[in-house]
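Colleague: I would like a close look at a single part of this model. Please take the binding site listed in the record, and keep it simple.

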Amino acid sequence: MAISRDTLGGGRKDEHVRLAEELRELRDAGVVRGVSPHGVWDDVRFMHHSFPGGSFDGVSLKTSVCGRDWAVPFYINAMTGGSEKTALINADLARAAAATGVAMATGSASPALKDPSLAHSFAVVRENAPDAFLFANVSPEMTVDQARDAVGFLDADALQVHANPAQELVMPEGDRDFSGWLDRLSDIVAGVDVPVVVKEVGFGLSARSVAEVVARGVRTIDVSGRGGTNFIDIENRRREKQEYAYLSGWGQTAAECLLDLQGSPVMLPRDVSEEEPVQVIASGGVSTPLDVVRALSLGASAVGVSGHFLHVLMTDGLDTLIDEITEWISQVRTLMTLLGAASVAELRQVDVLVTGTTAEFARLRGVDLAALAQRH
Ligand SMILES: Cc1cc2nc3c(=O)[nH]c(=O)nc-3n(C[C@H](O)[C@H](O)[C@H](O)COP(=O)(O)O)c2cc1C
């Protein structure tokens with residue numbers, strides 16, 4: 001059955017998909033304030049060199065996430081599940097992941113943890129992508145048992161725990177008390193038998209937040225920054241008076257977060273051993289293969305894409321999404337060839353020019369941008 005925005009229902013999960021799509025179109029048309037999803041990474045530029053050496057066939061896209069090898073350094077990030085309509089979306093996203101070899105995350109398992117009859121809307125992901133690397137997703141409000149159940153729904157390889165205080169506070173029915181989150185996180189890390197990733201939902205994890213979760217035993221984080229899907233705007237649309245429109249620009253972009261981490265190694269606790277380094281994933285506003293390469297060059301081990309892939313699926317269907325992901329894989333390789341980087345590790349050595357408001361942010365946070373611009 002084809003899925004379209006018009007067939008979505010009125011529950012929260014369906015509303016999130018519908019509003020994410022509506023706001024994307026309004027933002028593209030310049031109607032809604034905020035950062036264009038196509039422009040948020042534009043402050044990150046590369047120094048072009050005319051003798052890159054190497055070849056397209058010599059480029060390896062391999063990366064490693066949560067101790068496992070991935071063939072492709074970008075993936076379909078957390079979005080949905082928890083209703084009949086979003087089960088269809090999850091099934092299609094999983095088919096796209098299986099067809100292209102990328103990893104995938106589901107949205108928060110909360111609906112199915114409250115109503116087990118909805119578990120199939122997550123299980124459908126494993127059914128359609130039996131060999132894919134899959135992340136389950138929970139809120140830091142969940143107990144260890146609930147986190148284990150969420151992993152079990154889709155036999156997940158890792159578990160994302162989302163930190164979304166800005167979304168909760170603007171959400172009419174959202175949480176208002178975050179005092180237990182870090183302790184819950186410690187329990188989840190100790191109690192589940194898969195790696196735990198802490199992620200934001202589009203407002204950016206600061207170096208301080210990263211240090212806090214690393215101290216709780218987390219070794220992989222997804223900074224998930226501002227500039228793509230905006231959950232302040234989405235939740236504000238669900239409010240009767242829509243009184244939080246002014247808060248649209250809240251948070252850090254993913255590029256700012258990656259720079260913040262480069263500038264603040266001292267913020268990581270001393271007990272992080274060399275054998276278990278902290279690994280950073282980037283997401284938020286990624287809408288081109290160039291954005292993927294930009295994030296990798298700033299230290300990300302992998303790059304998550306949500307809103308853009310959802311938009312392709314909802315507007316043009318599964319076959320076009322598979323074509324799009326396949327094309328991105330080829331184009332990431334093309335861009336790495338242009339930059340003379342034969343691997344993700346070599347991409348971290350290319351010269352990156354950080355400009356505009358991102359440079360202003362970096363200067364305030366003490367990042368040495370001249371060194372970044374002359375890495376080789
Ligand atoms: C429709 C939709 C639903 C989402 N639901 C979740 C969720 O349940 N859990 C979560 O961690 N992130 C969720 N996200 C956030 C994404 O994982 C990602 O962090 C954010 O959208 C920024 O990436 P983007 O700009 O590529 O969309 C959702 C995103 C979208 C578009």
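Modeller: Here is a walk through the listed site, residue by residue where there is something to say. Keep in mind that this is a predicted model.

Start with the record. An unreviewed UniProt entry gives the feature "binding site" at Ala78, Met79, Thr80, Ser108, Asn137, Lys199, Ser224, Thr229, Ser306 and Gly307. Of these residues, Thr229 is included in the lining of the second largest cavity.

Now take Asn137. Asn137 sits in strand S6, which covers residues 134-138. Is Asn137 buried or exposed? Its relative accessible area is 2%, so Asn137 counts as buried, the cut-off being under 20%. Look next at its contacts, leaving aside neighbours within four places in sequence. Among them are Ala78, Ser108 and Lys199. The record lists Ala78, Ser108 and Lys199 in the binding site too. Asn137 also touches Thr106, Gly107, Ala109, Leu159, Gln160 and His162.

Move on to Lys199. Strand S8, residues 196-199, holds Lys199. Lys199 has a relative accessible area of 5%, so Lys199 is buried. With neighbours within four places in sequence again left aside, the contacts of Lys199 include Ala78, Asn137 and Ser224. Ala78, Asn137 and Ser224 are in the record's list as well. Other contacts of Lys199 include Asn77, Val161, Ala163, Leu205 and Asp222. Gln160 and His162 are in contact with Lys199, and Asn137 is in contact with Gln160 and His162.

To recap, Asn137 is buried in the model. Lys199 is buried, and Lys199 is in contact with Asn137.

Key
Residues numbered from 1 in each chain as written. Predicted model: local features only at pLDDT ≥ 70, side-chain atom pairs only at ≥ 80, totals over all residues. Heavy atoms only, no water. UniProt positions renumbered as here; feature names shortened; annotations may be inferred. 1 Å grid on protein atoms, 1.4 Å probe; cavity = no way out; pocket = protein on both sides within 12 Å on 5 of 7 lines; lining within 4 Å. Helix = DSSP H or I, 4+ residues; strand = E, 2+ residues; numbered from the N terminus. Buried < 20%, exposed > 50% of the residue type's maximum accessible area, 1.4 Å probe, protein only. Contact = heavy atoms within 4.5 Å.
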